[in-house]
Amino acid sequence: MSINKEMILTLARRDLRTYFASPTGYVFVTLFILLSAAAAFWQQRFFADNLANLNQLNNLFPLLLVLFVPALTMGVWADERKAGTDELLLTLPATDLEIVLGKYLAVLGIYTASLLLSVSHIVVLFWLGSPDIGLMFANYFGYWLIGAALLSVGMLASMLTTNATVGFVLGAVFCSAFVFVNSAQYVVSDSLQAWLSPLGVYDYFSDFASGVISLSGLLYFISLAVVMVYLNIVLLGRRHWPAEAGGYKFWLHHLVRAVALSVALISFNVVAARAEFRIDATAEQLHSLSEESERLIDQLPEDRPVLVQAFISPEVPRALVQTRANLISKLKEISALGGGKVQVVIHETEPFTAEARDAREKFGIMPRDVMDVGGAVEKVFLGVAFTSGVNEMVIPFFDRGLPVEYELIRSIRVAARTQRKKIGILTTPAKLYGGFDYQTMNSQSPWSIVEELKKQYEIVQVSAKEPITEELDGLLVALPSALTQPEMDNLKEYILAGNPTLMLVDPLPVVDINLSPAIPAGAGSNPFMQQNQQQEPKGNISQLLTELGVGFNPMQIIWDSYNPHPDLINLQPEIVFIGEGNETMDAFSSLNPASAGLQELVVLYPGSLNKAAGSDFEFEPLIRTGRISGALNFQQLVQRSFFGMTLNRNPRRMQTGEVYTLAANIRGTSTSSEGDETAVKKINMTVIADLDLISEQFFQIRERGLQNLNFDNVTFILNCMDMLVGDQSFIPLRKKRIVHRTLESVEAQTRGFIEQRLKEEREAETQAQQALAEAQQRLNERVAEVRNRPDLDEQTKQIMARNLQEVENRRFEVVKSNIETRKEATVAASKERMEAAIRRIQTRIKTLAVLLPPIPVFAMGVMIFVRRRRREYEGAVAARRLRS
């Protein structure tokens, strides 16, 4: 049977002309653009995430279609019957298939026009930042596919009634079935939910929302449209069925055909989905194996094949759906590339099964309790084991924040190696390796950085009490300022022999303020430890670093006002965010692979580094602050009290306009003459002026992907170690991640208010200090008057001066308290003004982003309405003239 394409296009043009000849069509398009813009930009989460993407719209788009698809399709068939034009339509020389396709193309054309006009959302994103074009294309392709599928569902609802209102309600119900079926676990059993879940649109649409054009998603939406269009054809053709009692046979016949078609399409989808064909549209190719991964797999030795066994739950909560899909996809790509070098086995694992027992007993992989959106707790397996001969690597659980490709490729590479490079961790009071803590009287576990390094290197513990003689490929030193002078001397001798060293110094380690170089050894320790352990004094960290070519002031803490996270705006500036938006030309050095390509770091109360005077070593800055920054003294930030040491959240901050170096690489050689001998010193060292960079919270944020925070702290520290030991193979993989495309325009507009707030705080602090100085001066003058009276003897002077001083001190304390209160009120008012100004900026942007795009369409609708009314008026006038 041939299809008359011209008839289909004629019918489509007829409906399109009818739709856009009246204001109704333009009202629909206007509302579509308006509400989709509100979904994309009106939510506060859009500004809290500070990312130039359509994530908020992606979350709500299927819900919007539950209303808009029925509104568009409710009159497709119902209005034809109501107006009596259905008989004319059905007497045309066209088959039922051609009529249905003509109608379907018309509504699809209207929907496509609406989507094209809503591209204004991308224009808004370009106004605010630099969105990923590939991601935007995948998003809009997904919007078009899900709309195309649900339009056929809405047409089916309109076919069942002659009333457009009823058609709207039925359409909403039918579309809701496909949109909300993924949430059916609240009303159906788990076994039934397992059958219904693949029918929902969310899982397939999520691929397009993340920037992946998947074959499974494409086939699903096409199949849904095909089935629903077929049902439209069946219902349209029922007018030809006999009306006698045997008519039920036709119903049964077509029902069986519809079920057979559905089963055939579902089977085809299942088989085709096994191909896992996906096009990664993102600019960074986040969902595909990189060339670096392919190269590393190709370099694996032929004689050491790696067996990868993945223990993965068949169903996971929604928060882990994407992680599970990425993990399985990456494993299959690795299997295809690996040939005989890598064998991948994926075990579908559920609790209390043989697979679960093997995972537990062989590899220590246990299920993790994960809460779903409804609050129910599920036991989930997402663990992978890598074995090659006697070598074994295990990743117990892939949480949503872990970089899947990097973890898999690194584990395969490490498992295939016969030898690993050896990294030493120097024993210091920071206790990276764990141990007994006399402060809490508890044993401490090793820091997460140690466990992370163990995944790639052989790790040993090293002491500097004696000269360091171990053969190491690299040394990690945390808080050398806490070492004794003999230990520092041994460390210096080791470093100046050219041994690669990664050093972390910190003027104020938040993990334990007592470890600060400004606090003498044992000054803040537990009395029990003071009685049972003799504390040797700390060495001179400034002198040590100077001899290593680095200038470092252990009493200086750096602050920076740059903060790209509006929901973290209340953090004090001593929590320093490093990013390309901090008004520094080279916040991350692009010349060193360890820092090139990083997007954001967070350091807590860091120090600063510079090249030591007279040093012959090369000093290369890696990480630098912005210019809206300054320095504070340790005593300004740390306050001692009966309860211990506390941090002052509102010290007097003075902007210096300088750029401070927070991490640097020092290398080169230096020669010096000692009598008749010439001493040659070599150095290969990276210094980071913050220990908290590798504290536990940053590993938790990285692993769990908390609040869309994506800090590069762990990546940077691992890159530095890799560079020092001469193994750069994993550095490109670590940097493969979503580019932090922030709302640059919003940041630029809010930066001025942040600077104004800092200026007002400085003025308030200055006025408070001046008022206190004046009050202190008055007190001193009153006491001096008494001391200078010639008519009083010395004893009387002392008594009167002491009494006067006590009275004036009480008055001074009151004055001081009032001044501090006024200062705090001024600071609070300044902060409130800044936050109000930022809210005004956000509200203005939201208003413009939501209201401006629909205006051209709305104006066109008004023009059509006015022109139509004018024609009706002119027609009425002409008719009256003819009658007269």
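A nonpolar core is a set of buried Ala, Val, Leu, Ile, Met, Phe, Trp, Tyr and Cys residues joined through side-chain atoms within 4.5 Å. The structure shown above is a predicted model, and its largest nonpolar core has 83 residues. Within this core, Phe61 and Phe221 touch the most other members. The element that gives the most to the core is helix α9, residues 133-159, with 15 residues. In soluble globular proteins, nonpolar side chains tend to be buried together.

The contacts of Phe221 can be listed once residues up to four places away in sequence are set aside. Phe221 then touches Leu145, Ile146 and Ala149, and also Val201, Tyr204, Phe205 and Phe208. Phe61 also belongs to a cluster linked by ring pairs, together with Phe28, Phe32, Phe68, Tyr111, Tyr140, Tyr143 and Phe205. Apart from the largest core lies another, of 79 residues, which includes Ala416, Ile425, Ile459 and Val725.

Two helices come next. Helix α18 covers residues 404-416 and has 13 residues. From the first C-alpha of α18 to the last is 19 Å, close to the 18 Å expected at 1.5 Å a residue. Of the 13 residues in α18, 13 are buried. Helix α25 covers residues 713-725. Its 13 residues should span 18 Å at 1.5 Å a residue, and its end C-alpha atoms are 19 Å apart, so the two values agree. Helix α25 is mostly covered too, with twelve of its 13 residues buried. Among the buried residues of α25 are Val714, Phe716, Ile717, Leu718, Met721, Leu724 and Val725, but also Asn713, Asn719 and Asp722. Gly726, just after α25, takes a positive phi of about 85°.

An aromatic pair involves α18 and the loop that lies between α25 and α26. The model has 20 aromatic pairs in total. The rings of Tyr406 and Phe730 have centres 6.3 Å apart and planes at 80°; planes over 60 degrees apart count as edge-to-face, so this pair is edge-to-face. Tyr406 is in helix α18 and Phe730 is in the loop between α25 and α26 (731-734), so far along the chain that 324 residues separate them. Residues under 20% relative accessible area count as buried. Tyr406 is therefore buried, at 1%. Phe730 is buried as well, because its relative accessibility is 0%.

The next feature is a sheet. Four strands form an open sheet in the order β4-β3-β7-β8, and their pairing is mixed. The edge strands, each pairing on one side only, are β4 (342-348) and β8 (391-395). From one strand to the next, the twist averages 15°. Strand β3, residues 306-312, and strand β7, residues 382-388, are paired in the antiparallel sense over six bridges. Opposite Leu307 stands Thr387 in β7. Helix α16, residues 321-338, packs on this sheet and touches β3, β4 and β7. The direction of α16 makes about 150° with that of β4. Helix α17, residues 354-363, lies across β3, β4, β7 and β8, and runs at about 125° to β3.

The loop between β4 and α17 holds Phe352. Phe352 has a positive phi of about 65° although it is not a glycine. Most residues other than glycine have a negative phi. Exposed means over 50% relative accessible area, so Phe352, at 81%, is exposed.

Tyr605 is another residue other than glycine with a positive phi, near 50°. Its place is the loop between β18 (600-604) and β19 (609-611). Is Tyr605 buried or exposed? With a relative accessible area of 4%, Tyr605 is buried.

The last residue to look at is Glu620, which sits in strand β20, residues 618-624. At 11% relative accessibility, Glu620 counts as buried, because the limit for that class is 20%. Leaving aside neighbours within four places in sequence, Glu620 is in contact with Ser589, Leu591 and Asn592. Its contacts also include Ala663, Ala664, Asn665 and Arg667.

Terms used
Residues numbered from 1 in each chain as written. Predicted model: local features only at pLDDT ≥ 70, side-chain atom pairs only at ≥ 80, totals over all residues. Heavy atoms only, no water. Pairing = 2+ DSSP bridges. Helix = DSSP H or I, 4+ residues; strand = E, 2+ residues; numbered from the N terminus. Axes fitted to C-alpha atoms, helices over the stretch in contact; angles between N-to-C directions. Contact = heavy atoms within 4.5 Å. Expected span 1.5 Å × (residues − 1). Buried < 20%, exposed > 50% of the residue type's maximum accessible area, 1.4 Å probe, protein only. Phe/Tyr/Trp six-rings, centres within 6.5 Å; stacked < 30°, edge-to-face > 60°.
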